[in-house]
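Student: I should like to go through this model and ask, for each label attached to it, what justifies the label.

Tutor: Please do; each value can be set against its definition in turn.

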Amino acid sequence: MSGSKCKGSGDVAGTAKKLQSITMETEVKIIERVEQGENMVDVTCYYNMNYPTISTILKNKDKIMEHVKSAVLMMSTIISKKHGKVMEELEKLLTVWLQDQHQRRVLLSLMLVQEKAKSFYEDLKKKHGV
């Protein structure tokens, strides 16, 4: 495939290529393929992207990999302390609330999160009779 044009990737004169969003997963796969020695032309054809896009991803490789690494660490964090039933339930409720706020793109401050945690805690204490 090297040395040949990508099948079906030619743009018609006067038409712009549609913008496509690139996931972090795709960026990491692109980085890995190039680092394993795959030809840049083959990678651009495989992902139907232009050369400058692939070059930009490779130029930002350190930032991308650092972001992915920190995201994985956050997702794999395990709380090792044993908490009481109230604290365990509080963590679950707060996590769900935070995810909901994130999906709604609500900006959160530390103070707002702390207030919500206190509110959940008070409700759970009443529920469990603590």
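Tutor: A helix here is a DSSP run of H or I with at least four residues, and a strand is a run of E with at least two. The model is a predicted one. By those criteria the protein chain has six helices and zero strands, and along the sequence the pattern reads α-α-α-α-α-α.

Student: How do you know that the span of α1 agrees with its number of residues?

Tutor: The expected span is 1.5 Å times one less than the number of residues. For the twelve residues of α1 this gives 16 Å, and the end C-alpha atoms are 16 Å apart, so the two agree. Just after α1, G37 has a positive phi of about 100°.

Student: Why are Y46 and Y47 called an edge-to-face pair?

Tutor: A pair of aromatic rings is described by the distance of the centres and the angle of the planes. Ring centres must lie within 6.5 Å, and planes over 60 degrees apart count as edge-to-face. By this rule there is one aromatic pair. The centres of the Y46 and Y47 rings are 4.8 Å apart and their planes stand at 80°, so the pair is edge-to-face.

Student: What makes Y46 exposed and Y47 buried?

Tutor: Buried requires a relative accessible area under 20%, and exposed requires one over 50%. Y46 has 55% and is therefore exposed. Y47 has 16% and is therefore buried.

Student: What sits over the ring of Y46?

Tutor: The charged end of R33 does, at 4.0 Å from the ring centre. The distance limit for this label is 6 Å, together with an angle within 35 degrees of the ring normal. Y46 itself lies in helix α2. R33 is listed among the buried residues of α1, alongside T26, E27, V28, I30 and I31.

Student: Which residues make up the largest nonpolar core, and what makes them a core?

Tutor: A nonpolar core is a set of buried residues of the listed nonpolar and aromatic types, joined through side-chain atoms within 4.5 Å. The largest has ten residues: V28, I30, I31, M40, V43, Y47, M49, I54, I57 and I64. Helices α1 (24-35), α2 (40-46) and α3 (51-59) each supply at least two of them, and α1 gives the most, with three residues.

Student: Which residues does I30 touch?

Tutor: Leaving aside residues up to four places away in sequence, I30 touches V43, Y47, M49, I54 and I57. Between I30 and Y46 the C-alpha distance is 9.7 Å, with 16 residues separating them in sequence.

Student: Which residues does the second core include?

Tutor: That core is separate and has eight residues, including L94, V113, A117 and F120. The C-alpha atom of F120 is 9.4 Å from that of E91, although the two residues are 29 apart along the chain. E91 lies in helix α5.

Student: Why is E91 called partly exposed?

Tutor: Its relative accessibility is 27%. Partly exposed covers values between the 20% and 50% limits, so the label applies to E91.

Student: What makes the phi values of N48 and R105 worth noting?

Tutor: Most residues other than glycine have a negative phi. N48, however, has a positive phi near 50°, and R105 has a positive phi near 60°. N48 lies in the loop between α2 and α3, whereas R105 lies in the loop between α5 (85-103) and α6 (110-128). With 36% relative accessible area, N48 is partly exposed; R105, at 76%, counts as exposed.

Student: How much of the protein chain counts as buried?

Tutor: Of its 130 residues, 20% do. The accessible surface of the protein chain comes to about 10,600 Å², and 57% of that belongs to carbon and sulfur atoms. Among contacts with a separation of 6 or more, 60% join residues 24 or more positions apart.

Key: Residues numbered from 1 in each chain as written. Predicted model: local features only at pLDDT ≥ 70, side-chain atom pairs only at ≥ 80, totals over all residues. Heavy atoms only, no water. Phe/Tyr/Trp six-rings, centres within 6.5 Å; stacked < 30°, edge-to-face > 60°. Buried < 20%, exposed > 50% of the residue type's maximum accessible area, 1.4 Å probe, protein only. Contact = heavy atoms within 4.5 Å. Areas by Shrake-Rupley, 256 points an atom, 1.4 Å probe, with all protein chains shown as cover.
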